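Subject: Structure handover

Hello,

Here is the structure for your files. My notes on what was found in it follow below.

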Amino acid sequence: MNLRYSAAWVGLTAAAMVAATACGSESAKSAAESAGKAADTAVSKADTIMAALSRATDRTEELGSAEVRTTTDLGTGEPIAMDGTYSWGDGYALDVEMDTEAVQMQDLTDSPTVRTLFVDGAYYYDIDPQPDGPLEGKEWIKIDGSAVFGESGAAAFSGGGGASPADSMKGLKYASDVEDLGAETVNGKPTTHYRAVLDEKDLGKFKEAFSGADSMLDSTGGDSITMDIWVGEKDLPVRLEQEFGAMKVTMDFDKFGATEEIVAPPAHEVGDLTEEVKNSGATAG
């Protein structure tokens with residue numbers, strides 16, 4: 001395995017996951033307080049919108065998991081699809097299938113898709129057993145989140161804080177600009193389309209975790225996030241779309257709750273490349 005080459009897929013999959021789960025994370029206390037003051041003077045229509053978004057956020061958080069189809073365009077023109085289960089009820093986790101070619105993992109598996117887990121703050125990639133090197137005979141690669149995001153970035157994904165579709169939706173409550181775009185049909189379901197723009201002061205935890213010259217926000221040229229959400233029956237999101245800079249993420253929710261528990265692979269099947277990735281410089285940016 002060419003580890004220097006592998007740094008590309010580490011960065012791609014990490015960026016795809018961050019974008020799909022963390023943008024618009026719940027802001028810090030000061031942002032919440034300022035939003036509360038703004039709400040006191042908001043017009044009736046804005047109050048109605050914020051109430052609808054709050055209900056959708058609370059319902060999503062309450063259900064704790066969902067089957068989701070996600071597409072992440074990192075600005076390269078070749079979107080990365082992540083289809084599978086997202087869980088946030090007891091710590092953040094995911095179990096998805098990703099296109100092998102899109103994430104540049106052809107050297108590691110002959111399968112057209114790569115099963116990718118995120119459990120207890122670490123990535124696991126399902127690969128073909130390798131003939132030699134640090135992954136000899138192993139069926140999974142493990143990479144700790146700190147190797148990709150740094151300690152502060154990884155902390156944003158620990159304990160379920162700031163790392164789920166529900167957390168993304170919490171950011172809607174702190175948006176400076178929200179609007180109701182009316183009724184639309186999405187995936188065959190009747191919905192109401194809402195749009196919110198979060199500028200730099202609204203980004204809160206997400207901005208703090210991924211700031212700096214080499215951050216994902218900086219690399220995409222974005223200093224604000226436009227979030228579109230289509231809310232359907234039972235106050236649940238049907239689609240969530242997030243765009244910042246050159247990056248765009250679309251999440252389609254097919255089923256909420258009642259998903260299987262996501263667990264790490266057996267230790268004897270796993271090869272840990274955390275230190276190698278740290279040394280290679282692969283990042284979400």
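A residue is called buried here when its relative accessible area is under 20%, exposed when that area is over 50%, and partly exposed in between. On that basis, 49% of the 285 residues of the protein chain count as buried. Please keep in mind that this is a predicted model.

Confidence

The average pLDDT of the protein chain is 77, and 68% of the residues reach at least 70. Two stretches call for a separate mention. Over residues 1-5 pLDDT stays under 50, and the model has nine contacts beyond four places in sequence for them. Residues 24-42 also have pLDDT under 50 throughout, with 34 contacts beyond four places in sequence.

Overall fold

Eight helices and twelve strands make up the secondary structure of the protein chain. Among contacts in the chain with a separation of 6 or more, 61% are between residues 24 or more positions apart.

The twelve strands form an open sheet with mixed pairing, in the order β7-β8-β9-β10-β11-β1-β2-β3-β4-β5-β6-β12. At the edges are β7 (177-186) and β12 (270-272), each of which pairs on one side only. From one strand to the next, the twist averages 20°.

Helix α3, residues 44-63, lies across six strands: β1 (65-73), β7, β8 (189-198), β9, β10 and β11 (247-256). The helix runs at about 65° to β7.

Strand pairs

As background, strands of a sheet pair through backbone hydrogen bonds, either parallel or antiparallel. Two pairs were looked at in detail.

β7 and β8 run antiparallel and are joined by nine bridges. Within this pair, Glu179 stands opposite Arg195 of β8. The two strands form a hairpin with two residues between them. Asn187 sits in the turn and has a positive phi of about 55°.

β9 (residues 225-231) and β10 (residues 237-244) are antiparallel as well, with six bridges between them. Here Ile229 has Leu240 in β10 as its bridge partner.

Thr85

Which residue shares a polar side-chain contact with Thr85? The partner is Glu67, and the contact between the two side chains is 2.7 Å. Thr85 belongs to strand β2 (residues 80-87). Its relative accessibility is 11%, so Thr85 counts as buried. Apart from neighbours within four places in sequence, Thr85 touches Ala66, Glu67, Ala93, Leu94, Asp95, Val96, Thr259 and Ile262.

Aromatic rings

A pair of aromatic rings is described by the distance of the centres and the angle of the planes. There are four aromatic pairs in the structure. In one of them, the rings of Tyr123 and Tyr125 have centres 5.8 Å apart and planes at 20°; the pair is therefore stacked, planes under 30 degrees apart being the condition for that. Both Tyr123 and Tyr125 are buried.

Phe253 and Phe256 make another stacked pair, because their ring centres are 5.3 Å apart and their planes are at 15°. Phe253 has a relative accessibility of 2% and therefore counts as buried. Phe256 is at 17%, so Phe256 counts as buried too.

There is also one aromatic cluster formed by Tyr92, Phe118, Tyr123 and Tyr125. Tyr123 and Tyr125 thus appear both in the cluster and in the stacked pair described above.

Positive phi

Most residues other than glycine have a negative phi. Besides Asn187 in the hairpin turn, with its positive phi of about 55°, two further residues go on this list.

Gln104 is not a glycine, yet its phi is positive, near 60°. Gln104 is found in the loop between β3 (93-99) and β4 (113-119). Is Gln104 buried, exposed or partly exposed? With a relative accessible area of 30%, Gln104 is partly exposed.

Asp120, again not a glycine, has a positive phi of about 50°. Asp120 lies in the loop between β4 and β5 (122-126). Its relative accessibility is 73%, so Asp120 counts as exposed.

That covers the points I had noted.

Regards

Terms used. Residues are numbered from 1 along each chain as its sequence is written. This is a predicted model: local features need pLDDT of at least 70, side-chain atom pairs count only at pLDDT 80 or more; totals for chains, interfaces and linings use all residues. Side-chain values use heavy atoms; hydrogens and water are left out. Helices (H or I, at least four residues) and strands (E, at least two) are DSSP runs, numbered from the N terminus. Buried means under 20% relative accessible area, exposed over 50%, partly exposed in between (1.4 Å probe, protein chains only). Two strands pair if DSSP finds at least two bridges between them. Axes are lines fitted to C-alpha atoms, for helices over the stretch in contact, and angles run from 0 to 180 degrees between N-to-C directions. Contact means heavy atoms within 4.5 Å. pLDDT is the predictor's confidence in each residue, from 0 to 100. A polar contact is a pair of N or O atoms within 3.5 Å; within protein, one must be able to donate a hydrogen and the other to accept it, and residues adjacent in sequence count only if both atoms are side-chain atoms. Rings of Phe, Tyr and Trp (its six-membered ring) pair if their centres lie within 6.5 Å; planes under 30 degrees apart count as stacked, over 60 as edge-to-face and the rest as tilted.
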